[in-house]
Amino acid sequence: MTLPLHERIGVGDGLVRVTDALLDETAAIPALIPDRSLAPGEQYRFHFNMTKCIGCRSCEVACNEQNGNPADLHWRRIGEIEGGVYPDTRRHYLSMGCNHCLDPDCLRGCPVNAYTKDPITGIVLHSAEACIGCQYCVWNCPYSVPQFNPERGVVGKCDMCHGRLSDGLEPACVNACPDGAISIEIVDVDAWRADYSAAESPGMPSAGQTVSTTRITLPETSVDVLERVDMDRIRPEHAHLSLVFMTALTQAVAGSLILSLINHAVSAIVLTLLLLVTAFTLNISVFHLGRPAYAWRALKMWRRSWLSREVLLFGLFFVALASSTAVSWLRLFAIPSLNTSTIATAGWIAAMLGSAGVVASAFIYLVPARPAWNMAHTPLDFLLSAAVIGSTSAPLLNNAATSIATLPLLPRFSLPHSAINFTAWPAACAAALWLANQGVRLLRLNRARLFEKRATASLLNTPKLRALLITSLVFVGASGAFALREQYGFACSAAIAGVLLARYLFFVSVVPLNMALTFVRGGDR
């Protein structure tokens, strides 16, 4: 079958002209896909020849057309790197799809097992049917390869045009490249794992984290350093508001329950209030998912995925808290013989599960692909946030329970309504430790050698985010001051506002590891 442009050659169309060499069917054309089957211990990989790439984006367009993706999603992307001093300067292009790594982090973190590494070809495949759109793979991949499609509610990624390759056809990107810069090769897995230096390139994250299999042919250059051109084009990430509220409120409930247990201020009304907040929080958490109706699937991979463990632990926390609440009301109405130690034991079981859930939640964000998250300050922040809000909300809950117990309809049930005096020093200490943790984190980000950490600090220093950062620090500091004056309503409000603002900044300011992008599209995914 002839191509449409070829049909217009030689018919007097001055717009279409090619040389005879291009029409010579006897000319040798290098093979772009392997001509033999895979042997045991081998897999397919991409080879990208940087010396041939002209940055035309034909591969990017072909990939989108082949997979039916919208224009703003790119399973294959083009980037630029440059170096030198005028007039001796160089600019080169990168083209990258999925690297089909030997140790893919996207697969390891997925809570629903939507990723598989094909045992025959080694291609990392993604099942849109199994995917719930949690985007955890997006956070885990150091190359930002998986792309979330908000219209479909699922993630997608390059699969090396698995179907075309099985039929003996080149992947779309390989077929579209006018200069043969992309091809498919066979690689010996054990030999590559022993030496994957050919996967390293300027403008790319270290290949060692996941053992990328893409082989990159670098140009011989006269300049010492080639750098990405988008270093000053960093943009804020998505805010994930449902996660901002979910993480802050689950920490608030866990902290409040622990402080109430320590101060012997647990009552049926307090537990009921905490249960209502927990139910609300767990319900809003699913709105982070692209497919909320399938949230239950997230329990599947609890042995491997921290996201699955978080879902499991907070689910058990809700059950334990509901059981504690039920026992408290049964003691009042049906089984007066139940002593307070039974209620306290049930409460402490719930508190331990809640604390474990907070820790699991923090570990979700300890991923090397998000350097500003992958610090000891993240679990400290989550635990100290629980302490800050919990130490100010527990007295407020006790006061609310006292007020509710004195309502005209309730005294006949003999509900406890005596106020308990809380000491203010836990709230003041928690606020001071929280501020110290934030301060040390900011200092370390500013002084970090890694570009992505310094970029996070730079984002936090932009006018809008800097104002929000200062406001969050002021709010948390004020919460400790209000607590010392026993103004727990103001203290709790300030603590929640400060933590929510800090959590919003936590999400929007993180700069992920990624390949170098172009100057005009820096910061895009």
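Buried means under 20% relative accessible area, exposed over 50%, and partly exposed in between, with a 1.4 Å probe and protein chains only. This is a predicted model, where local features need pLDDT of at least 70, side-chain atom pairs count only at pLDDT 80 or more, and totals for chains, interfaces and linings use all residues. Residues are numbered from 1 along each chain as its sequence is written, and side-chain values use heavy atoms, leaving out hydrogens and water.

**Exercise 1.** Let's classify tryptophan 348 as buried, partly exposed or exposed, and place it in its helix.

Step 1: Tryptophan 348 lies in helix 11; helices are DSSP runs (H or I, at least four residues) and strands likewise (E, at least two), numbered from the N terminus.
Step 2: Because its relative accessibility is 35%, tryptophan 348 counts as partly exposed.

**Exercise 2.** Now find the cysteine sulfur closest to that of cysteine 137, and decide whether the two are bonded or too far apart.

Step 1: A disulfide is a covalent bond between the sulfur atoms of two cysteines; the cut-off used is a pair of sulfur atoms within 2.5 Å.
Step 2: The closest sulfur belongs to cysteine 134, and at 6.3 Å it is too far for a bond.
Step 3: Cysteine 141 is in no disulfide either, as the nearest cysteine sulfur, in cysteine 106, is 6.1 Å away.
Step 4: The structure holds zero disulfides.

**Exercise 3.** Finally, sort cysteine 137 and cysteine 141 as buried or exposed.

Step 1: Cysteine 137 has 5% relative accessibility, so this residue counts as buried.
Step 2: Cysteine 141 is buried, with a relative accessible area of 8%.
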